Every structure is written in C-alpha cells, then in structure tokens.
Amino acid sequence: MIAVLRPFIPKATSYLQALLRFFQAAVLLITQRYRSASLRFKIAFFVVILMTSTSFILCIITVQIMNNYILNEIIKRGESVGKSIAASAGYNLLSKDLLALDNLVFKAKSSNNDMLYVAIVDQDMKTVVHSDTEMIGLNKPVVQGKLYKEAVDGTTVNEFTNSSGSIFEILCPIVFMKKSLGSVIIGMDRSILLEAKRKIRNMILIVFGFIVVLGIFASSLLASFLIKPIKELSAGVEELKYSTAKNPLRVYSQDELGKLTRNFNEMAALIANQRGKLTEYARDLEEAYVSMVKVVAAAIDARDSYTHGHSARVAQLSFLLGEQIGLPKEDLRDLEVACLFHDVGKIKTPDSILLKPSKLNETEYKEMKQHVVDGASILSWAPSLSKYIPSTRHHHEWHNGKGYPDGLVGDNIPLFAAIISIADAFDAMTSDRPYRKALSNEEALRRIARKSGIQFRPNLVAIFLELMEKNRVLDEPIRVAGAA
Ligand SMILES: [Fe+2]
C-alpha cells in the first residue's frame with residue numbers, strides 16, 4: 001500500500017495538494033482491490049458501507065435534533081423561572097422588601113441545579129439581590145456574548161463564555177403597574193447540555209456499533225444467500241467446460257437466480273445430448289478415415305504386384321514392436337496409420353523405376369529415394385495428417401547417419417521412423433523381388449542383427465529379434481489388432 005501511495009506524496013507542493021493526492025491514491029487503491037475482490041466481499045463491503053453511512057448520517061441528525069430540544073427546554077425553563085420571579089418581585093422591589101426578594105432568588109437557585117446564578121437588578125442595572133452575596137450592590141457587567149433570542153415582552157437570552165464555562169443568560173424585565181422596575185437575570189449552565197450531549201452520543205455510539213455489527217452479519221448472510229447458487233453455477237460451467245455435467249444443479253429459489261439455474265440445467269442437458277451425438281459422429285468419421293487410409297495404402301502397394309500387402313504387413317510388425325516396447329494405445333494406433341502412409345510418396349515414382357525388374361542405376365535410385373520427401377509433402381496438404389510426416393520422411397534414415405533424406409543420427413531419428421525402418425526392411429527381405437527370391441525369415445533376421453547400430457537402433461533390434469523368436473517368425477498369421 002505504501003508503495004502505491006509513495007509516488008503521490010513527493011510531488012505535492014502544499015498540504016492541500018498532498019491531501020488531495022493521498023485521497024486520489026486511496027480511492028485508486030480501494031477501486032483496484034475492489035475490482036479483484038470476490039463477489040462475497042463486494043456485496044458485504046457495499047452493504048456495510050451503506051448501513052454505516054446511513055447510520056452515521058441518522059446519528060448526526062438525531063444528535064442535532066436532541067441538542068436543539070434540550071437547549072430549548074433549558075432556555076424555556078430558565079425563562080419560566082425568570083418570569084415567575086419577575087411577576088412576584090415587582091411589588092417587593094417597589095416596596096424595597098429585600099428579604100422577600102432574597103427569598104425568591106434563594107428558592108429559585110436552590111431548586112434548579114443548572115442555574116449558576118440568579119439576580120435581580122434595578123433599572124440602572126445595579127444588583128439588588130444576587131445568589132452570590134458578594135455581587136450585591138455592584139453594577140451588572142455588560143455581557144459580551146451572542147444574542148440567542150429576544151422575545152416581544154423584552155425577555156432576552158444571551159450566550160457567552162466566561163471562567164465558569166459556557167452560559168446562557170436570561171434577562172426577564174420586571175414590570176409593575178406598567179412601570180419597568182428592573183430585571184431578573186438567570187445564568188443557566190450550558191455544561192448541563194454538554195453532559196446530556198455526551199450521554200446521548202455514548203448511547204448513539206452503542207446503537208451505531210450494534211448496527212455496524214448487525215450490518216456485517218446481515219451482509220455476510222445476504223452474500224452467502226446470493227453467492228451459493230452463483231458458486232454452484234460457476235462450478236457447473238467449469239465442469240461443463242471439460243466434461244458433461246453429471247447431475248443437474250440444485251435450484252435454491254424461485255427468483256431470477258433460480259430461473260438462471262433451471263435454464264443452465266436445461267442447457268447442460270442439451271449440450272450433453274449434442275456431445276453424445278458428436279462423439280458418435282467422430283467415431284464414425286474416424287472409422288471412415290482409417291478405412292480411407294487403408295485403401296490409399298493398398299492402392300500404393302497394388303501398383304507393384306511384388307509389394308502387394310507390404311504396408312499392411314509393416315503395420316502388423318510395427319504394431320507388435322511398439323506394443324513390446326510399451327507404447328500407449330493411442331500411440332499404437334498412430335503408429336499403425338503411420339505405417340500405412342510410410343510409402344505414400346511412391347505414388348509419384350514413375351512406373352519405369354518402381355516396377356523395374358532389375359537393380360536401379362544411380363539416377364533411378366536417386367529418384368526412388370525422393371519418395372520420402374514426396375510422401376511428407378503429400379501429407380502436409382492436410383493438417384490432420386501432419387503428425388505422420390516425421391515417420392514418412394525419416395523411415396529410411398540410418399542409425400549411423402548414413403541414411404536419407406536428412407542423415408539424422410541415433411535418437412534424433414523419430415521413434416516411429418526407427419520402428420518402421422526395421423519392419424520395412426524385414427518385410428522387403430522376406431518378399432520376392434523380380435531380381436531375387438525372398439530370403440528366409442532367419443536370414444532376414446540375421447541381416448537385421450548385423451545392421452544393428454549401423455542401420456537400425458540397437459535396442460529396437462534386440463526387442464524385434466526376441467519378438468520374432470517368440471512368435472516363431474511370421475510363418476503363421478501374427479496377432480494384430482485393427483490392421484487389415
Ligand atoms: Fe520406403
């Protein structure tokens with residue numbers, strides 16, 4: 001937080017600017033935090049702020065109303081007492097009955113604790129009687145305060161502050177026989193009001209605190225009530241993203257959220273239905289695709305009667321080898337299709353070379369080698385077939401780097417290509433050619449073993465030999481899943 005606020009502080013040239021920038025930064029920070037906060041926090045925060053600010057404003061208004069009420073009550077009481085004394089004091093003042101006047105002042109002062117003083121002055125503002133006897137005979141000092149109220153009958157209320165504190169001084173004229181004889185002066189202690197204000201403030205603070213706690217609790221409850229279905233909806237959407245939603249979501253209410261949940265359940269059921277149909281279509285499409293690949297491979301092999309069924313046999317052998325080294329099911333399926341495609345480039349090889357009954361010369365052999373590049377190029381036309389390009393392009397690479405087309409060495413040769421290379425060589429050697437008879441299985445395996453580490457990957461050769469031994473070398477049909 002300090003790091004966020006710091007840039008704003010040195011730029012400020014005055015206290016006001018600093019305060020303004022600090023406020024801007026605080027708002028920015030709260031806004032940023034608020035945006036990234038959870039929905040539960042946002043709702044709770046909003047409700048608490050709303051309740052707190054409303055309570056605060058209500059408290060201020062209440063305190064103000066109570067203040068005015070208490071103040072008016074104090075002044076009214078003072079005026080009432082003052083007028084009462086004034087009414088009784090007229091005759092006594094005229095007859096100079098000081099004892100009676102003193103009695104009036106004494107009674108008023110002793111029965112009202114919030115009266116600081118009570119006095120009766122004559123027309124010249126000379127104190128005749130006073131609750132403080134030391135003031136008797138002295139002239140009433142002119143009050144330097146604020147006129148709070150002035151009534152038609154001449155009663156005035158002044159507000160001022162002296163060493164005794166904050167005082168309301170009420171002056172009631174004494175009129176007898178329509179003749180003004182003096183005034184009754186009462187000093188009301190304003191600290192009584194302050195004490196009352198303090199008590200009210202404390203009470204309001206307690207209520208305010210209670211409202212805030214209640215607000216937090218209520219907002220938390222409200223947030224939970226709103227968040228629960230939203231959370232379930234969110235989890236449902238998340239589940240639907242990766243799979244079909246297993247169970248419909250629970251509908252908590254009949255309001256907008258409940259309607260949304262019901263709609264979501266209907267939508268999830270629809271998606272599940274569509275997804276099932278799509279899976280079926282995908283399965284059909286995949287089967288059609290594999291059939292198409294087999295047809296293409298058979299068409300390539302059919303160009304040469306000597307290689308008839310070559311791709312399918314390479315697929316069978318490669319599948320067995322791949323299974324033996326522990327390839328997962330998906331990879332075995334890809335390997336099988338890769339085998340069917342491995343010589344697809346031969347479709348561009350001229351018949352004069354492909355079907356030549358004798359050994360190829362150097363130029364012809366060079367053109368024959370082009371089939372791996374042509375095969376990769378044909379597969380690149382369809383993005384879905386691009387994963388078969390490496391095995392097609394590199395199935396004639398040698399382990400020692402002397403193969404073609406790129407002279408890859410060792411484990412740089414893709415695994416599928418290294419597997420196909422062995423199966424391809426075995427099937428070629430054990431098939432008749434126009435210029436030679438098929439080798440026996442044992443002789444073909446011996447030749448493969450001799451080329452281990454030279455043409456073929458050694459660990460694959462070892463496993464292949466072991467596999468052939470175990471299967472009594474292809475004199476009888478080999479167990480292959482899926483391949484025709
Ligand atoms: Fe080939």
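Tutor: Start with strand pairing. Two strands pair if DSSP finds at least two bridges between them. Keep in mind that this is a predicted model. Here, β1 and β2 run antiparallel and are joined by three bridges.

Student: Which residue of β2 is the bridge partner of valine 121?

Tutor: Threonine 127 is the partner. Now look at the turn. The hairpin of β1 and β2 has four residues between the strands. Within that hairpin, methionine 125 takes a positive phi near 65°.

Student: How many strands are in the whole open sheet, and in what order?

Tutor: Six strands, with antiparallel pairing, ordered β2-β1-β6-β5-β4-β3. To find the edges, look for strands that pair on one side only. These are β2 (127-130) and β3 (146-150). From one strand to the next, the twist averages 25°.

Student: Over how many bridges do β3 and β4 pair?

Tutor: Four, in the antiparallel sense, with β4 covering residues 156-162. As an example, lysine 149 sits opposite valine 157 in β4.

Student: Which helix packs on the sheet, and which strands does that helix touch?

Tutor: Helix α5, residues 98-111, touches β1 (115-122) and β2. To read the packing angle, compare N-to-C directions on a scale from 0 to 180 degrees. The directions of α5 and β1 make about 155°.

Student: Where does aspartate 114 lie?

Tutor: In the loop between α5 and β1.

Student: Is aspartate 114 exposed, partly exposed or buried?

Tutor: Count the C-beta atoms within 10 Å. A count of 20 or more means buried, and 12 or fewer means exposed. Aspartate 114 has 16 others in that range, so it is partly exposed. Next, check its partners that are distant in sequence. Beyond four places in sequence, aspartate 114 touches Ile74, Met188, Asp189 and Ile192. Take isoleucine 192: it is 78 residues away along the chain, yet the two C-alpha atoms are separated by 6.6 Å.

Student: What is the general idea behind a nonpolar core?

Tutor: In soluble globular proteins, nonpolar side chains tend to be buried together. In this structure the largest such core has 38 residues. Phe341, Ile419 and Ile422 have the most contacts inside that core. Elements giving two or more residues include α7 (256-302), α9 (329-341) and α16 (458-470). Helix α14 gives the most, with eight residues.

Student: Which residues does isoleucine 422 touch?

Tutor: Leu321, Ile448, Phe456, Leu460, Val461 and Phe464, leaving out residues up to four places away in sequence. There is also a second, separate core, of 29 residues. Leu101, Ile120, Val128 and Met188 are among its members.

Student: Is isoleucine 420 buried or exposed?

Tutor: Use the neighbour count again. Isoleucine 420, in helix α14, counts as buried because it has 29 C-beta neighbours inside 10 Å. Beyond four places in sequence, its contacts include Val314, Ser318 and Ala338. Histidine 342 is another contact of isoleucine 420. Those two residues are 78 positions apart along the chain, with C-alpha atoms separated by 8.1 Å.

Student: What span should the 15 residues of α8 have?

Tutor: At 1.5 Å a residue, they should span 21 Å. The end C-alpha atoms of α8 are 21 Å apart, so the span agrees. The helix is mostly covered, with twelve of its 15 residues buried. Among these are Arg313, Phe319 and Leu321. The cover includes α7, α9, α14 and α16. Just after α8, glycine 326 takes a positive phi of about 85°.

Student: How many helices does the chain have, and what share of its residues is buried?

Tutor: The chain has 16 helices alongside six strands. Buried residues make up 25% of its 484 residues.

Student: Where in the chain is confidence lowest, and where highest?

Tutor: First, the general rule. Where pLDDT is low, the predicted coordinates should not be read in detail. The chain's mean pLDDT is 82, and 90% of its residues reach 70 or more. Helix α2 (residues 8-11) is lowest, at a mean of 51. Helix α13 (residues 389-394) is highest, at 95. Check residues 473-484 too, where pLDDT stays under 50. The model has 17 contacts beyond four places in sequence for that stretch.

Technical notes
Residues numbered from 1 in each chain as written. Predicted model: local features only at pLDDT ≥ 70, side-chain atom pairs only at ≥ 80, totals over all residues. Contact = placed C-beta atoms within 7 Å. pLDDT = per-residue confidence, 0-100. Core = buried A, V, L, I, M, F, W, Y, C linked by C-beta atoms within 7 Å. Expected span 1.5 Å × (residues − 1).
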